[in-house]
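The following paragraphs are meant to be read with the structure open alongside, moving from one element to the elements around it.

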Amino acid sequence: MADSDATTRTAPDTVKILIAGGFGVGRTTMVGAVSWIVPLRTEEPLTSAGMHVDDLDGIEEKAATTVAMDFGRITISQELVLYLFGTPGQQRFWFMWNGLAIGALGAVVLIDVRRPESGFAAIDFFERRGIPFVVGANGFHGGRPYPAGEIRDSLALPDHVKVLLCDARERGSCRDVLIAQIDRLIATESGSDGNGRLTRQGP
């Protein structure tokens with residue numbers, strides 16, 4: 001006889017989350033730090049051909065860049081699995097964001113805490129499409145010159161958008177940002193099926 005628990009067990013909700021932001025803010029690092037699987041990466045070395053195209057001001061040490069996407073997976077609980085899609089940061093690859101956004105329930109806008117303006121394009125993208133997001137202010141370079149409140153003001157964000165200081169290298173820090181996004185989704189009427197469960201989405 002089959003275990004009675006098996007008849008009531010349901011598959012977990014799977015939720016697609018985008019990790020977006022400007023060039024060199026730490027999206028690939030974040031996906032790699034928090035993913036429970038070996039992440040899929042599409043990094044290529046920076047070359048002299050992009051010298052006059054890519055703005056390396058403040059990130060001179062950067063040697064590679066994402067040209068398509070990053071992909072990772074994290075199990076939050078038995079009921080919830082996140083699929084993480086990191087967007088490319090260079091402006092010439094932004095056309096790919098539209099395709100990556102299909103099916104996404106929410107996003108994390110990652111910014112370099114030293115360059116808050118690195119989040120403007122991603123914030124505008126998600127606001128225009130009505131996709132809920134939180135902001136992760138990444139201080140993995142060792143400096144956190146601005147508190148979360150000042151970063152919020154500089155980005156002209158409404159009060160309901162959370163701004164969290166984080167370190168994209170640390171799993172726990174990244175997980176806290178993702179949990180804040182899940183809390184945001186659950187609190188958003190359009191992201192719930194009316195019973196406190198997120199609507200199932202595929203990758």
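In this predicted model, helix α5, formed by residues 148-155, lies across β6, β7 and β8, and runs at about 125 degrees to β8. The strands that α5 lies across belong to an open sheet of 6 strands, whose order is β4-β5-β1-β6-β7-β8 and whose pairing is mixed. At the edges of this sheet stand β4 (70-77) and β8 (163-166), and because each has a single partner strand, one side of each is left without a neighbour in the sheet. Averaged over the sheet and with direction ignored, neighbouring strands are turned by 25 degrees against each other.

Within that order β6 stands between β1 and β7, and its pairings on either side can be followed residue by residue. Strand β1, which spans residues 13-20, runs parallel to β6 and is joined to it by 4 bridges. Two of the positions concerned are I17, whose bridge partner in β6 is G106, and I19, which stands opposite V108 in β6. Towards β7 (residues 133-138), β6 again pairs in the parallel sense, here over 6 bridges, and A107 stands opposite F133 of β7. To get from β6 to β7 the chain crosses through helix α4, residues 120-129, and the resulting β-α-β crossover is right-handed.

How many of the residues of strand β6 are buried? For this strand, residues 106-112, the count is 7 of 7. In a regular strand the side chains alternate between the two faces of the sheet. Both faces of β6 are covered, with G106, V108, L110 and D112 buried on one side, and A107, V109 and I111 buried on the other. For the chain as a whole, buried residues make up 48% of the 203 residues.

At one edge of the sheet, strand β4 contains I74, which has a relative accessibility of 0% and therefore counts as buried, the cut-off being under 20%. Leaving aside residues up to four places away in sequence, I74 touches V34, W36, L80, V81, L82, L84, R175 and L178. Of these contacts, the one with L178 joins positions that are 104 residues apart in sequence, while their C-alpha atoms are 9.8 Å apart in space.

Among the residues touched by I74 are V34, R175 and L178, and these three also take part in a contact between two helices. Two packed helices are described by the angle between their axes and the distance between the axes. For helix α2 (residues 27-34) and helix α6 (residues 171-187), the axes come within 8 Å and cross at roughly 100 degrees, so the two helices are roughly perpendicular to each other. From α2 the contact draws on M30, A33 and V34, and from α6 on R171, C174, R175, V177 and L178. By residue class, this contact of α2 with α6 comprises 6 nonpolar residues, no polar residues and 2 charged ones.

Seen along the whole chain, there are 6 helices and 8 strands, and from the N terminus on they follow the sequence α-β-α-β-β-β-β-α-β-α-β-α-β-α. Among contacts in the chain with a separation of 6 or more, 72% are between residues 24 or more positions apart, and the contact of I74 with L178, at 104 residues apart in sequence, is one of them.

Note on methods: Residues are numbered from 1 along each chain as its sequence is written. This is a predicted model: local features need pLDDT of at least 70, side-chain atom pairs count only at pLDDT 80 or more; totals for chains, interfaces and linings use all residues. Side-chain values use heavy atoms; hydrogens and water are left out. Buried means under 20% relative accessible area, exposed over 50%, partly exposed in between (1.4 Å probe, protein chains only). Two strands pair if DSSP finds at least two bridges between them. A crossover is right-handed if, with the strands pointing away from the viewer, the path from the first strand over the helix to the second runs clockwise. Axes are lines fitted to C-alpha atoms, for helices over the stretch in contact, and angles run from 0 to 180 degrees between N-to-C directions. Contact means heavy atoms within 4.5 Å. Angles under 35 degrees count as roughly parallel, over 145 as roughly antiparallel, 65 to 115 as roughly perpendicular and the rest as oblique. Ala, Val, Leu, Ile, Met, Phe, Trp, Tyr, Cys and Pro count as nonpolar, Asp, Glu, Lys and Arg as charged, and the others, Gly among them, as polar.
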